[in-house]
Amino acid sequence: MAIDMMGTDPVLVASPLVEIEVRGNLALYLDGERLKEARYRFMSELDGFTMVSQAGACRAGSATTVLTLDQRQAEAARSIGLSVIGR
């Protein structure tokens, strides 16, 4: 679902917090070489994103659509006038 939604936008941005969240979740479910490989793949894919805070996304205005699976982040984005898909 998220991958399909990401394909609709030529510019991909992510919150700097995504690195912390994903690395922590990977460590909950993987260990050893599987963890090392997953972290490497994640960081490689993250290089294709521009990192931006929610305040930065707000400055971009209505051109910004937030893709999130986090209910609190979706509510916060909507409260400052951003479009949200995913939640």
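**View 1. The two ends of helix H5.** Just after H5, Gly81 adopts a positive phi of about 90°. At the N-terminal end of H5 (residues 71-79), Asp70 acts as the cap, with a side-chain oxygen 3.0 Å from the backbone nitrogen of Arg72. A polar contact here is a pair of N or O atoms within 3.5 Å; within protein, one must be able to donate a hydrogen and the other to accept it, and residues adjacent in sequence count only if both atoms are side-chain atoms. This is a predicted model, in which local features need pLDDT of at least 70, side-chain atom pairs count only at pLDDT 80 or more, and totals for chains, interfaces and linings use all residues. Residues are numbered from 1 along each chain as its sequence is written, and side-chain values use heavy atoms, with hydrogens and water left out.

**View 2. Helix H2 beside helix H3.** The axes (lines fitted to C-alpha atoms over the stretch in contact, with angles from 0 to 180 degrees between N-to-C directions) of H2 (residues 17-29) and H3 (residues 32-46) come within 10 Å and cross at roughly 160°. The two helices are therefore roughly antiparallel (an angle over 145 degrees).

**View 3. Side chains where H2 meets H3.** From H2, Val18, Glu19, Val22, Arg23, Leu26 and Ala27 meet Leu35, Ala38, Arg39, Phe42, Met43 and Leu46 of H3 (contact means heavy atoms within 4.5 Å). By class, this contact has 9 nonpolar, no polar and 3 charged residues.

**View 4. The whole chain, for orientation.** Look for 5 helices (DSSP H or I, at least four residues) and 4 strands (E, at least two). From the N terminus on, they run α-β-α-α-β-α-β-α-β.

Definitions and conventions: Angles under 35 degrees count as roughly parallel, over 145 as roughly antiparallel, 65 to 115 as roughly perpendicular and the rest as oblique. Ala, Val, Leu, Ile, Met, Phe, Trp, Tyr, Cys and Pro count as nonpolar, Asp, Glu, Lys and Arg as charged, and the others, Gly among them, as polar.
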